[in-house]
Amino acid sequence: MVDPDTAEKARVDAQFAELYRQHLRDVYSYAYYRVGDHHDAEDLTEQTFLQAYRHFPRALEESGGRPLRPWLIRIAHNLAANHYRDRSRRPQTHIDDSTVLPATHTTEDLVEGRDELKRILAGVQQLPDDRREALIMRFALGMDNREIARAMGRTDGATKVLLHRAIKQLEGIVDAKAKGGDR
Amino acid sequence: MSDAASTEFEALLRRALTPVEPPAELGARLEETLTSISLAAAEELESWELSAMRDPRNWARPAAAVLAGTAAGVALVVLRTKQRSKQRRRASKNVVDLAERTLHDALNEARRLWP
């Protein structure tokens with residue numbers, strides 16, 4: 001006969017494996033845009049899942065059936081914050097375009113479009129941390145306001161305002177760069 | 001900026017921040033890390049001298065090692081077993097056969113971790 005504790009543990013582990021499978025790309029994308037390089041993004045992803053595993057049973061209990069993606073991203077967010085605090089450094093600005101920007105076309109229009117995307121990416125890196133993170137969660141991970149609010153520990157209303165301001169500020173940065181010829 | 005221009009900008013933003021696929025080796029590395037936690041926990045227990053255990057203040061550390069090792073190991077078995085599910089599905093004749101193969105696979109993984 002299977003010990004009830006063992007059966008419960010197996011059930012929780014199966015749920016963790018599912019969470020890992022579903023959100024590995026989310027965590028990696030968040031980490032990559034947050035730290036700006038693949039090596040550190042891999043480390044951050046690894047640490048996030050290890051820490052998530054350690055606290056998973058409690059998170060399951062406390063989630064009340066709500067999705068755990070915000071919790072996972074919050075762990076990544078805290079680890080990234082510690083990473084910068086420990087090493088006293090800011091995110092890299094040299095996000096590799098070849099990873100992010102598709103290079104399947106050769107027309108002049110698309111070259112221009114790629115330049116614009118590059119300007120946007122560079123602009124994202126110039127935003128204050130909270131605005132940058134909100135944009136990464138919304139546009140790279142496709143999280144809605146409520147999920148972002150939970151991940152950032154804010155209210156839904158404050159998150160909506162944060163996103164709005166982040167987009168406006170980014171538009172300003174990108175416009176200025178375009179007018180200034182990327183100086 | 002008008003609403004249309006704003007929507008266009010958001011579309012560009014979505015293209016710029018396209019999701020990034022994790023490298024294939026990351027999954028393997030993550031499994032390895034979980035395995036090493038499991039092994040380190042076992043080694044720590046082995047190297048723990050019995051004499052040290054007479055002092056109750058030392059009991060917390062090996063207890064934590066047991067918990068960490070067991071937990072990480074179980075997760076690893078689940079992850080590895082799950083990763084081979086497509087392979088098993090292809091090889092199985094029917095549902096019962098698939099269930100047997102899954103159980104067999106999980107037991108093999110468990111034996112590798114806890115011989």
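**Exercise 1. Work out how many helices and strands chain A has, and in what order they come.**

Solution. Chain A has 8 helices and 0 strands, taking helices as DSSP runs of H or I with at least four residues and strands as runs of E with at least two, numbered from the N terminus. Walk along the sequence and you read α-α-α-α-α-α-α-α.

A quick note before going on: this is a predicted model, where local features need pLDDT of at least 70, side-chain atom pairs count only at pLDDT 80 or more, and totals for chains, interfaces and linings use all residues. Residues are numbered from 1 along each chain as its sequence is written, while chains are lettered from A and ligands numbered from 1 in the order in which they are written.

**Exercise 2. Find out what is odd about the length of α2(A), and where the helix bends.**

Solution. Start with the span. For 26 residues, a straight helix would reach 38 Å at 1.5 Å a residue (the expected span is 1.5 Å times one less than the number of residues). The end C-alpha atoms of α2(A) are only 31 Å apart.

Next, look for a bend, meaning the angle between axes fitted to the seven residues ending at a residue and the seven starting there. There's a kink of about 60° at His55(A), shortly before Pro57(A).

Then check burial (20 or more other C-beta atoms within 10 Å of a residue's own, with C-beta atoms placed from the backbone). Buried residues of α2(A) include Phe49(A), Ala52(A), Tyr53(A) and Phe56(A). Across chain A, buried residues make up 36% of the 183 residues.

Finally, see what comes after the helix: Gly64(A), with a positive phi near 60°.

**Exercise 3. Describe how α6(A) and α8(A) pack.**

Solution. Take the geometry: the axes are 9 Å apart, at an angle of about 100° (axes are lines fitted to C-alpha atoms over the stretch in contact, with angles from 0 to 180 degrees between N-to-C directions). The two helices are therefore roughly perpendicular, a label for angles of 65 to 115 degrees.

Now the contacts (C-beta atoms, placed from the backbone, within 7 Å). Among the residues that meet are Ala134(A) and Leu135(A) from α6(A), and Leu162(A) and Ala166(A) from α8(A).

**Exercise 4. Describe the side of chain A that touches chain B.**

Solution. Count first: 31 residues of chain A contact 26 residues of chain B. Then ask which helix gives the most to that side of chain A: α1(A), with 13 residues.

Terms used. Two residues are in contact if their C-beta atoms, placed from the backbone, lie within 7 Å. A residue is buried if 20 or more other C-beta atoms lie within 10 Å of its own, exposed if 12 or fewer, and partly exposed in between; C-beta atoms are placed from the backbone. Angles under 35 degrees count as roughly parallel, over 145 as roughly antiparallel, 65 to 115 as roughly perpendicular and the rest as oblique.
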